[in-house]
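Welcome! Let's get to know this structure together, one question at a time.

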Amino acid sequence: MSRRPEDPTDRLSPAFLELLKAEPLATLTVLDAGTGAGRLALTLAPHCRAVVGIDREARSIEEARRRAAAAGLSNVRFVVGDIEVEEYTPFKPELVTAYLCMSDAIAERAGRALRPGQVFAFVALHPDQWKETGRPSRFAYAETGARRVLKKYGFTVEHLAVERDVKSFASVEEGLAAAVGLQEKWRADGRWFRYVKFLEDGGRTLTHAHLVVKARKA
Ligand SMILES: C[S@@+](CC[C@H](N)C(=O)[O-])C[C@H]1O[C@@H](n2cnc3c(N)ncnc32)[C@H](O)[C@@H]1O
């Protein structure tokens, strides 16, 4: 059976989890914004007092609920909602996370919901992510942009680092094989052809780059 090549975004950043576990999670209610199928929320739940995962995709929320039930977790709940429109305050979060789902609107709402000393922690795409495709994600944050938005919404940065993983290839074929799982998506948005050209012009890399951030409400 053929397996998709490992993508570093498939697993949660161990450094990010360590940053979270340094907080007194057992006493905290965590709000995971853009929770998807709940992989961060479900990982954190056994360590936390309570976790609320929010996502606008009802199907992802259903999947997250199924996983929570299968894992026997009773301190986590999942809610369908728009995390860039709704306020977080009604959920009374004491720590807010956002994993590969970050925007100024999310930071703004975290800033309004958290009290001084409470943590907002996120992993965001960095502009270098898949730079070989010639088009940075519009959701990407560089270091300066992240610092600016955090300051604007009342946070002090405690940790801000780029996690980078650059795969190198010996041939065009190897480069194509490494991105085969992304082909359909990249064909649809035009990135596939730019990546093929990059490889044909002699490029032999594929870059994953994420910004890992922990900030505290001032
Ligand atoms: C790349 S996925 C990451 C999911 C999850 N955090 C994880 O790491 O597995 C981004 C998620 O953010 C959600 N999302 C994006 N914008 C949103 C919004 N405005 N309101 C709620 N969810 C949103 C998407 O539905 C998707 O599930």
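Q: How do the residues of the shell around the ligand divide into nonpolar, polar and charged?

A: Keep in mind that this is a predicted model. There are 14 residues around the ligand. They divide into four nonpolar, four polar and six charged.

Q: Which residues come nearest to the ligand?

A: The shell around the ligand includes nonpolar, polar and charged residues. Out of its 14 members, the ones that come nearest are Gly-34, Arg-39, Asp-55, Asp-82 and Tyr-99.

Q: What is the distance from a nitrogen atom of the ligand to a polar backbone atom of Gly-34?

A: Polar contacts are counted within 3.5 Å, and backbone atoms of several residues reach ligand nitrogen atoms in this way. For Arg-56, a backbone N or O atom lies 3.2 Å from a ligand nitrogen, and for Ile-83 the value is 2.9 Å. For Gly-34, the distance is 2.7 Å.

Q: How much of the area that the ligand exposes when taken alone does the protein bury?

A: The ligand takes up the space of the largest pocket. Taken alone, the ligand exposes 590 Å². Of that area, the protein buries 78%.

Q: Why does the salt bridge of Asp-128 and Arg-164 tie together parts that are apart in sequence, and how many residues apart are they?

A: The structure holds 14 salt bridges, and in one of them the side chains of Asp-128 and Arg-164 meet at 2.6 Å, N to O. Asp-128 lies in the loop between strand E5 and helix H5, while Arg-164 belongs to strand E6, so the pair links parts whose separation in sequence is 36 residues.

How values were computed:
Residues numbered from 1 in each chain as written. Predicted model: local features only at pLDDT ≥ 70, side-chain atom pairs only at ≥ 80, totals over all residues. Heavy atoms only, no water. Near = heavy atom within 4 Å. Polar contact = N/O pair within 3.5 Å; in protein donor to acceptor, adjacent residues only side chain to side chain. Areas by Shrake-Rupley, 256 points an atom, 1.4 Å probe, with all protein chains shown as cover. 1 Å grid on protein atoms, 1.4 Å probe; cavity = no way out; pocket = protein on both sides within 12 Å on 5 of 7 lines; lining within 4 Å. Sits in = over half its atoms within 2 Å of the grid points. Nonpolar A, V, L, I, M, F, W, Y, C, P; charged D, E, K, R; others polar. Salt bridge = Lys/Arg side-chain N within 4 Å of Asp/Glu carboxyl O. Helix = DSSP H or I, 4+ residues; strand = E, 2+ residues; numbered from the N terminus.
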